[in-house]
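User: I would like to go through the charged side chains of this model. Please give the criteria along with the results.

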Amino acid sequence: VLVDNRGEDSKWENLLLCFNCSKEPAELPLPKGRWQVLADGENAFSWEEKTYVETKTTIPPQSALLLGR
């Protein structure tokens, strides 16, 4: 789900919410741009680590991923 997040107080103009309900990892092609990993199934503070993905990412089984740009 791609969300328009523009606003005065927002650090990220777009948010991408990715869900994988499968029991297998899922590879997801990403919309163009440099996406920062904001949260994943293990860490709600991933944004502090400043990890980025660009063309694709893998979502672990039965997990979620929140990206911002």
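Analyst: A salt bridge here is a side-chain nitrogen of Lys or Arg within 4 Å of a carboxyl oxygen of Asp or Glu. The model is predicted, so local features need pLDDT of at least 70 and side-chain atom pairs pLDDT 80 or more, while totals for chains, interfaces and linings use all residues. Residues are numbered from 1 along each chain as its sequence is written, and side-chain values use heavy atoms, without hydrogens and water.

User: How many salt bridges does this rule give?

Analyst: One pair is Asp-4 with Arg-6, whose closest N and O atoms are 2.5 Å apart. Another is Lys-56 with Glu-27, at 3.7 Å between the closest N and O atoms. By this rule the count is two.

User: How many residues apart are Lys-56 and Glu-27?

Analyst: Lys-56 lies in strand β6 (residues 56–59) and Glu-27 in strand β3 (residues 26–29); strands are DSSP runs of E of at least two residues, numbered from the N terminus. The pair links distant parts of the chain, and the separation is 29 residues.

User: Is Arg-6 buried or exposed?

Analyst: Buried means under 20% relative accessible area, exposed over 50%, and partly exposed in between (1.4 Å probe, protein chains only). Its partner Asp-4 has 48% and is partly exposed. Arg-6 has a relative accessibility of 60%, so Arg-6 counts as exposed.

User: What are the relative accessibilities of Lys-56 and Glu-27?

Analyst: Lys-56 counts as partly exposed, whereas Glu-27 is exposed. The value for Lys-56 is 48%, and for Glu-27 it is 56%.

Notes
Helix = DSSP H or I, 4+ residues; strand = E, 2+ residues; numbered from the N terminus.
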